[in-house]
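Here is a short briefing to read alongside the model. It takes the sheet and its strands as a starting point, then turns to the domains and the ligand.

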Amino acid sequence: MTLQTRTGIRRLSLMSLFEAMATPHQIDRYLELLNPMATVRDLRAEVTEVRRTTADTVTLTLRPTRQWRGFEAGQFVQIGVVIDGVRHTRCYSPACSQYRSDGRIELTVKAHPQGLVSQYLHTNAHPGLVLSLSQADGVFRMPARRPDKILLISGGSGITPVLSMLRTLLDEGHDGEITFLHYADTERDVAHRDELAQLAAGRENVRVVLAYTGQSDGGDLHGFFGREHLEAAASWHGEAQTYLCGPPGLMRGVREHYDRIGLVDRLHTEEFAAPVAADEDATGQLTFSSSGVTAQNSGASLLEQAEAAGLTPEYGCRMGICFSCTAVKTSGCTRNLRTGETDSDPDQPIQLCISAAVGDVSVDI
Ligand SMILES: Cc1cc2nc3c(=O)[nH]c(=O)nc-3n(C[C@H](O)[C@H](O)[C@H](O)COP(=O)(O)OP(=O)(O)OC[C@H]3O[C@@H](n4cnc5c(N)ncnc54)[C@H](O)[C@@H]3O)c2cc1C
Ligand code: FES
């Protein structure tokens with residue numbers, strides 16, 4: 001046995017001993033009282049820099065603890081933040097290159113007018129704030145063998161995963177055509193505007209096209225997405241792979257257009273919000289058994305219906321990613337809004353945000 005192996009085993013058994021001593025609380029619960037970044041198991045991140053480049057966004061630089069395994073451009077992480085003693089988890093896509101040399105992560109968060117976590121971060125984030133962090137996840141990624149021609153389309157806060165792709169491609173020295181087409185209301189709403197100009201400067205293969213929907217001068221294009229925008233920004237889009245992230249209207253417009261021109265298999269998308277699901281023919285009654293609340297089934301997701309009935313179930317992503325909203329359906333039939341599958345078995349865990357009731361349903365919340 002080598003010296004290294006013996007030291008490793010000794011470290012592991014010391015750790016197990018500490019953990020056993022710390023039972024029932026994990027050792028990280030004790031360590032966090034001394035230094036929340038000195039964790040044995042938990043992945044966390046400390047905010048090291050805070051920038052506010054537009055009125056309603058905040059850009060955070062995070063230094064993750066040593067458990068962080070990195071990410072691929074386009075993926076997302078889950079951030080946990082404690083507000084009034086309760087931890088809330090939300091998904092955010094890093095905007096930096098996956099090769100960032102200091103290993104830090106950059107997130108840009110748009111403050112939603114009624115949003116709990118985004119408003120909190122926008123107002124309160126400061127260097128030294130420690131957040132919980134998940135490993136990166138998600139299939140919105142470019143293939144390992146990068147396509148020759150790449151069109152990146154984003155709108156609003158959807159800029160983050162595609163900006164990460166752009167920065168990553170430039171770090172790799174990608175020499176194929178890249179167009180970055182970004183939609184914003186006005187030029188003042190473009191987070192990372194100066195950096196985008198710098199990234200394109202002096203690179204013949206990289207083009208940044210800014211489209212303003214609420215401003216008729218400046219920028220490159222005006223109004224909402226349409227065929228003419230695509231032709232003007234990247235006439236070669238038919239030979240490219242396109243990566244898209246933005247608000248529902250932009251996503252819908254691009255998808256419909258790609259469908260019409262037979263290019264939908266070249267379009268790769270990321271959603272920040274689940275599509276609105278309301279079945280106008282819905283029938284039945286919902287029973288939220290632990291709270292004794294009942295409601296007429298409106299066809300919306302069970303999470304939305306529980307909230308509409310005055311309940312406050314836990315949630316994170318609201319689109320089936322994080323499992324924060326999982327609850328037990330005690331009886332009735334539910335439909336998975338993403339896959340369309342139905343489930344009639346009693347006592348099944350379901351994700352409230354992507355489940356709708358088919359007739360009478362009882363859920364244990
Ligand atoms: C994969 C992924 C990546 C993402 N990346 C980014 C990113 O890089 N940057 C970014 O800014 N955002 C990103 N998001 C969105 C982000 O996760 C959050 O959804 C966003 O910040 C809003 O969170 P919030 O807590 O501020 O809002 P919340 O308080 O969660 O509210 C958000 C919306 O939820 C609904 N809602 C909340 N409470 C209720 C209620 N009681 N009744 C009815 N409806 C309610 C409302 O429609 C509200 O507008 C991403 C999302 C996903 C899924
Ligand atoms: S809120 Fe994330 S899975 Fe439902």
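Two strands count as paired here if DSSP finds at least two bridges between them. By that rule, strand β2 (residues 57-64) pairs with β5 in the antiparallel sense, over six bridges. Please keep in mind that this is a predicted model.

**The six-stranded sheet**
- Six strands make up an open sheet, and following their order gives β4-β3-β6-β1-β2-β5, with antiparallel pairing.
- β4 and β5 stand at the edges with a single partner strand each, so one side of each has no neighbour in the sheet.
- From one strand to the next, the twist averages 40 degrees.
- Within the β2 and β5 pairing, Thr61 has Glu106 of β5 as its bridge partner.
- Helix α3 packs on this sheet, where it touches β2, β3 (77-83), β4 and β5. The direction of α3 makes about 75 degrees with that of β3.

**A parallel pair and its helix**
- Strand β11 (residues 241-245) and strand β12 (residues 267-270) run parallel and are joined by four bridges.
- Across this pair, Tyr243 stands opposite His268 in β12.
- Together with helix α7 (residues 248-260), β11 and β12 make a right-handed β-α-β unit.

**Domains and their contacts**
- The protein is divided into domain 1 (3-133), domain 2 (150-270) and domain 3 (285-363).
- Between domain 1 and domain 3, four residues of the former are in contact with five residues of the latter.
- On the side of domain 1 that touches domain 3, β4 gives the most, with three residues.
- By class, that side of domain 1 has one nonpolar, two polar and one charged residue.

**Around ligand 1**
- Which residues are the closest to ligand 1? Of the 24 residues that surround the ligand, the closest are Gly115, Val117, Ser118, Thr160 and Glu307.
- Two or more residues of the shell come from each of β4 (86-92), β5 (105-110), α3 (116-124) and α8 (302-308).
- The helix that packs on the sheet, α3, gives the most to this shell, with four residues.
- Sorted by class, the shell holds ten nonpolar, nine polar and five charged residues.
- Why does ligand 1 lie between domain 1 and domain 3? Both domain 1 (3-133) and domain 3 (285-363) give residues to the shell, so the ligand lies between them.

Key: Residues numbered from 1 in each chain as written. Chains lettered and ligands numbered in written order. Predicted model: local features only at pLDDT ≥ 70, side-chain atom pairs only at ≥ 80, totals over all residues. Near = placed C-beta within 6 Å. Nonpolar A, V, L, I, M, F, W, Y, C, P; charged D, E, K, R; others polar. Domains from an automatic or database assignment. Axes fitted to C-alpha atoms, helices over the stretch in contact; angles between N-to-C directions. Contact = placed C-beta atoms within 7 Å. Right-handed = clockwise from strand over helix to strand, strands pointing away.
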